[in-house]
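The following exercises concern the fold, the packing and the backbone geometry of a two-chain model. Each task is followed by a solution in steps.

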Amino acid sequence: MTATTLPVLAARIDTVIAARAPWSAIVRRGERLLIEDLEGNQAVDFLMYSAADPGERYSAQDTIAAQRNIFLRTGSVLLSNEGNPMATVTGTTVARHDTIGGACSCESNTVRYGHHTKAQHACVDNFLEEMLRLGGGKRDLVSNVNWFMNVPVEADGTLGIVDGISAPGLFVCLRAEMEITAVISNCPQINNPCNGFNPTPVRVVVGT
Amino acid sequence: MTTTADPKGARAHARAMAGTRVPCMPTVPAGASADPPPGVAASDLLWEETLGAGGYAARELRRGARLRLVDLAGDACVSLLLFNAERPIERLNVADTIKLQWQAYLGAGSLLLSDMGRALASIVEDTAGTHDVFAGTSNAGTNAHRYGDGSNSGPYPNGRDRLVLGAGKLGLARRDVHPCVNIFKGVRVGTDGALVLQAGSFAPLRQVTLRCEMNLLVVLANCPHVLDPRERYTVTPARLTAWRGPATAGNDPIRMRSPESERAFLNVDDYFSR
């Protein structure tokens, strides 16, 4: 199944996440979470936790192992660290999404780009702020999904975040398979092409 | 009347076991190892232990220590977690490890990076070349599906629950068990993102040596790779040997290997400025 038009949901939440900002919400089992890339090539860093057991969380490795592929596409089932389905990608107009590249941080930016980037805002700060507010903390931050981000791996293992393959109005839609707390960092990175060097707002809709 | 019917009899029975050797066990003290690594004095040995099928271990190793892992019979698969021993909230980050080094495949000269932009460990020797940062380890469900059971109390323990026990013995919890690196079984990314498993069996005695760049908590589990297609629970012993060594020098070739590596080491130096 390849979606082509933006799903219309009976929205319980319909909001725009400002450029560079965090966001979180409960998504009930069976509800959809729609993320729309409003201006194009905006990486949306994403984690989720079981609402019933915060120790159960998205696992990139379990997800990759089960589908035997590093890319997330329509039909991908996002698994928890217990191996349970947390969400399914029910449709997306982007060919593939990333889950190996992780989240940018002030500290990793110093290694990637130099110490002049230490003070720049970063996804880990968004995730950490949101998790601390929700009663969690840094130990809950694990390898995440990067919706709309393009990370190819070449034959010799060289990998990197390269120019995006998303565009204005493209989207990804998930169905929650359990009640989840979805946490997003609308990526503020300005040192690589993951946001086209220009972080922009995205729209999120939760509904049925 | 049995020999263990009273405390003295039970004590004698227990003490009669002393000196028993089995293939998979620690050597204590480590300096009593019959086969230390070449050039390593017995007095510098810190840890010597062989993990059998489903075995696990948790250990603190200081900055500069070396940890050699040997795949004794060609089917070891060691899942590895690393934490900063001083502040375990800093831990191995597999995404940063590959992203910051622009390289998905670990080998000699690779760093294992923390989530704080620092080198936790370097791979100073690698005769295997088949390792995996993508697939993680097995869990109770995957082992139950493949082998009929995956519990710690059963014959086919799963990697994640072994890592949970190891982390737990260091005061950490299930939530601290982060994405792992698998040593000795490889995953390559094929066309269009598909995983290609390098499952072996491999030649015996392949080995990897890590150098601790910070004071570390190391948690390891030796369980079949989660994608290992073999029907039987197939994993052979891994020998672990650690010895003390100097902290990495400023002109170390791994440190100077790339600008990213150099900055990860600068961040370690900065951390130890106290």
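**Exercise 1. Determine what share of the contacts in chain B with a separation of 6 or more lies between residues 24 or more positions apart.**

Solution. Step 1: a contact requires that the C-beta atoms of two residues, placed from the backbone, lie within 7 Å. Step 2: among the contacts in chain B with a separation of 6 or more, 71% join residues 24 or more positions apart.

On conventions, this is a predicted model, in which local features need pLDDT of at least 70 and side-chain atom pairs count only at pLDDT 80 or more, while totals for chains, interfaces and linings use all residues. Residues are numbered from 1 along each chain as its sequence is written, and chains are lettered from A and ligands numbered from 1 in the order in which they are written.

**Exercise 2. Describe the secondary structure and the dimensions of chain B.**

Solution. Step 1: helices (H or I, at least four residues) and strands (E, at least two) are taken as DSSP runs, numbered from the N terminus. Chain B then has 5 helices and 13 strands. Step 2: the radius of gyration, taken over C-alpha atoms, is compared with the globule rule, 2.2 Å times the number of residues to the power 0.38. For chain B the radius is 20 Å, close to the 19 Å given by the rule for 274 residues, so the chain is as compact as a globular protein of that length. Step 3: the C-alpha trace of chain B spans about 75 × 45 × 35 Å along its principal axes. Step 4: a residue is buried if 20 or more other C-beta atoms lie within 10 Å of its own, exposed if 12 or fewer, and partly exposed in between, with C-beta atoms placed from the backbone. Of the 274 residues of chain B, 53% are buried.

**Exercise 3. Establish the strand order of the open sheet formed by 5 strands in chain B, and place Val219(B) within its strand.**

Solution. Step 1: two strands pair if DSSP finds at least two bridges between them. The order in chain B is β2-β12-β4-β8-β7, with antiparallel pairing. Step 2: β2 (55–61) and β7 (131–132) of chain B are the edge strands, each pairing on one side only. Step 3: β4 (residues 78–84) and β12 (residues 216–222) of chain B run antiparallel and are joined by 7 bridges; Phe83(B) stands opposite Leu217(B) in β12(B). Step 4: Val219(B) also belongs to strand β12 of chain B. Val219(B) is buried, with 29 other C-beta atoms within 10 Å. Beyond its neighbours within four places in sequence, Val219(B) contacts Ala58(B), Leu81(B), Leu163(B), Gly166(B) and Ala167(B).

**Exercise 4. Which residues have the most contacts inside the largest nonpolar core?**

Solution. Step 1: a nonpolar core is a set of buried Ala, Val, Leu, Ile, Met, Phe, Trp, Tyr and Cys residues joined through C-beta atoms within 7 Å. Step 2: the largest core has 134 residues, and those with the most contacts inside it are Met48(A), Val204(A), Leu81(B), Leu82(B) and Leu216(B). Step 3: apart from neighbours within four places in sequence, Leu216(B) contacts residues including Leu61(B), Leu82(B), Phe83(B) and Leu120(B).

**Exercise 5. Where do the buried residues Thr142(B), Asn143(B) and Arg146(B) lie around helix α3 of chain B?**

Solution. Step 1: these three residues are buried in α3 (residues 140–147) of chain B. Step 2: they cover an arc (that of the directions from the helix axis to the C-beta atoms) of only 95°, which puts them on the same side of α3(B). Step 3: Gly148(B), with a positive phi near 95°, follows the helix.

**Exercise 6. Locate the cis peptide bonds at Pro29(B) and Ser201(B), and the positive phi values of Arg20(A) and Asn41(A).**

Solution. Step 1: most residues other than glycine have a negative phi, and most peptide bonds are trans. Step 2: the bond from Val28(B) to Pro29(B) is cis, with omega near 0°; Pro29(B) lies in the loop between α1 (7–15) and β1 (45–51) of chain B. Step 3: the bond joining Gly200(B) and Ser201(B) is cis, with omega about 10°, and Ser201(B) lies in the loop between β10 (195–198) and β11 (206–212) of chain B. Step 4: Arg20(A) has a positive phi near 75° and lies in the loop between β1 (11–17) and β2 (22–27) of chain A. Step 5: Asn41(A) has a positive phi of about 50°, in the loop between β3 (32–37) and β4 (44–50) of chain A.
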